[in-house]
Amino acid sequence: MVNYKVADENLAEKGKEALYVAESKMPVTADIIRERFSKEKPLEGITIAGCLHITKETGILARTLKAGGAEVYLCGSNPLSTQDDVAAALVQEGINVFAWHGNTDEEFYWCIRECLKAKPNILIDDGADMIVTAHKEFPELIENGTIIACQEETTTGVKRFKAMDKQGKLRVPLFPVNDARCKNQFDNELGTGQGIVAAIYGMHVLFAGKNVVIAGFGHCSSGMALRARGLGANVIVTEVDAIKALQAKFAGYSVMPIEKTLPIADIILTATGCKHVISPSKEMFKKLKDGVILGNLGHFDIEVPTKELYEYAKEIKPLRQNVEELVFPDGKRIYLLAKGRLANLVLSEGHPAEVMDMSFGLQSLMSEFIVKNKNTLKPGMIDVPVDIDDRVGFLKLQAMGVEIDKLTEEQYNYIHGYEEGT
Ligand SMILES: NC(=O)c1ccc[n+]([C@@H]2O[C@H](COP(=O)([O-])OP(=O)(O)OC[C@H]3O[C@@H](n4cnc5c(N)ncnc54)[C@H](O)[C@@H]3O)[C@@H](O)[C@H]2O)c1
């Protein structure tokens, strides 16, 4: 029996078309790994719960885990990122899905609980909400060993788990898959980087000649700055980390505090994982330029102070789907993308399948690794093994038909030795 609650089962046919498109662009997850999983069934008898953006790419991961023998449960990791057609299609394939676009906070956690009630053995989280809920509300799953280990897909989630671990509160083995090279150097930099076009989808706006402020110069934000520059924008970077700020400066961007950018910014896009990147005060809001577009691509909707902006506005007009015009008391207008939530997922379809192929190739192989090593894993943060990270890289190259050099024995010994010098 499939357990589910989705928006509309009749959307399944449309969802299947979306999945069909993603299949052809995810050869590592959909072909190479799935083919082996189908034969070897490394996940037989294992229940996996994923709290992930319910997109066509996540659907491909679910298919691969299922092909490996797992019972798969999915719920959304953001109230506005679920693609209802994909959710409906997955249910028809025997994936248990509790997700619909636009769920309330209460419904969001209800969906998480429905997945945890299935007593999963592996949790794949995106933002930490499911694993934190397991600690708070389903401690027996941890105490009795039902949960073998967990995986985290995004930077914000990894930061939350590091904080839990530091306080001695992380009670499961936790693999920060986000920190693997095959994940954050591609998914975050290329995927979120390209996500700036969400602002274009949202407002149909020209970047060329605009002052575009990118908050942060980390994995996601440095990719966003590069893409915005490529579109001809005058890019200004804001940072709190001296080294990152220097990197931005030497890469040729203007760097300044966010407050100084407010009167000149035409578009402000955040992806820092931090709170209140624009300070939530009337004084700050008054500094914003008339007509500015504000958007966030970080995990939570608190980078741009959404709540306070809504409170300050005297009028909120829905303009286009998931884009609102906020009119301030002095008549100034600002355009808020995606209610301050991940604009690339809400206004568009999230990361392109090509990059999610590596992220979900890693999640698939890590699920297998967890099952194989279940008797030796200890609670706490555990790095993704380098050989698994490398293997996904090699598989992606193989799928793309790209060949690279291999170290000779002499070269290997040279770069791992100290004897040879001048
Ligand atoms: N939209 C997506 O699809 C998507 C994909 C991956 C990650 N994310 C999310 O994007 C966010 C950033 O992830 P990342 O991997 O780039 O993290 P990162 O740690 O590599 O980069 C964050 C950068 O922001 C800077 N920063 C922190 N606070 C700041 C502030 N107040 N003002 C200016 N700069 C500040 C940090 O110094 C750092 O350089 C996280 O919330 C992550 O979960 C979103």
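For a chain of 422 residues, a compact globule would be expected to have a radius of gyration near 22 Å, and because the protein has 22 Å, the two agree. This is a predicted model, and along its principal axes the C-alpha trace spans about 70 × 65 × 45 Å. Buried residues account for 51% of the 422 residues, and the chain is built from 19 helices and 16 strands.

A good place to enter the fold is its open sheet, in which 8 strands lie in the order S10-S9-S8-S11-S12-S15-S14-S13 with mixed pairing. At the edges stand strand S10 (254-255) and strand S13 (315-320), each of which pairs on one side only. In general, the strands of a sheet pair through backbone hydrogen bonds, and they may do so in a parallel or an antiparallel way.

Within this sheet, strand S8, residues 211-215, can serve as a point of reference, and it is mostly covered, with 4 of its 5 residues buried. On one side, S8 runs parallel to strand S9 (residues 234-238) and is joined to it by 5 bridges; here Asn-211 has Asn-234 of S9 as its bridge partner. The connection between these strands can also be followed along the chain, since S8, helix H11 and S9 make a right-handed β-α-β unit.

S8 also runs parallel to strand S11 (residues 267-270), with 4 bridges joining the two, and in this pairing Val-213 is matched with Ile-268 of S11. From S11 the sheet continues to strand S12 (residues 293-296), again in parallel and again through 4 bridges, where Thr-270 has Asn-296 of S12 as its bridge partner.

The path now leads to the ligand, which is surrounded by 32 residues, the closest being Gly-216, Gly-218, Cys-220, Gly-273 and Cys-274. The elements that each give two or more residues to this shell are helix H8 (155-166), helix H9 (181-194), helix H11 (219-230) and helix H16 (343-346). Helix H11 therefore appears in two settings, as part of the β-α-β unit with S8 and S9 and as a contributor to the shell around the ligand, where helices are taken as DSSP runs of at least four residues.

Which classes of residue make up the shell around the ligand? It holds 10 nonpolar, 19 polar and 3 charged residues. The shell also draws on two domains, taking at least three residues from each of domain 1 (4-185 + 351-400) and domain 2 (196-346).

Methods
Residues numbered from 1 in each chain as written. Predicted model: local features only at pLDDT ≥ 70, side-chain atom pairs only at ≥ 80, totals over all residues. Near = placed C-beta within 6 Å. Nonpolar A, V, L, I, M, F, W, Y, C, P; charged D, E, K, R; others polar. Domains from an automatic or database assignment. Buried ≥ 20, exposed ≤ 12 C-beta atoms within 10 Å, placed from the backbone. Pairing = 2+ DSSP bridges. Right-handed = clockwise from strand over helix to strand, strands pointing away. Rg over C-alpha atoms; globule rule 2.2 N^0.38 Å.
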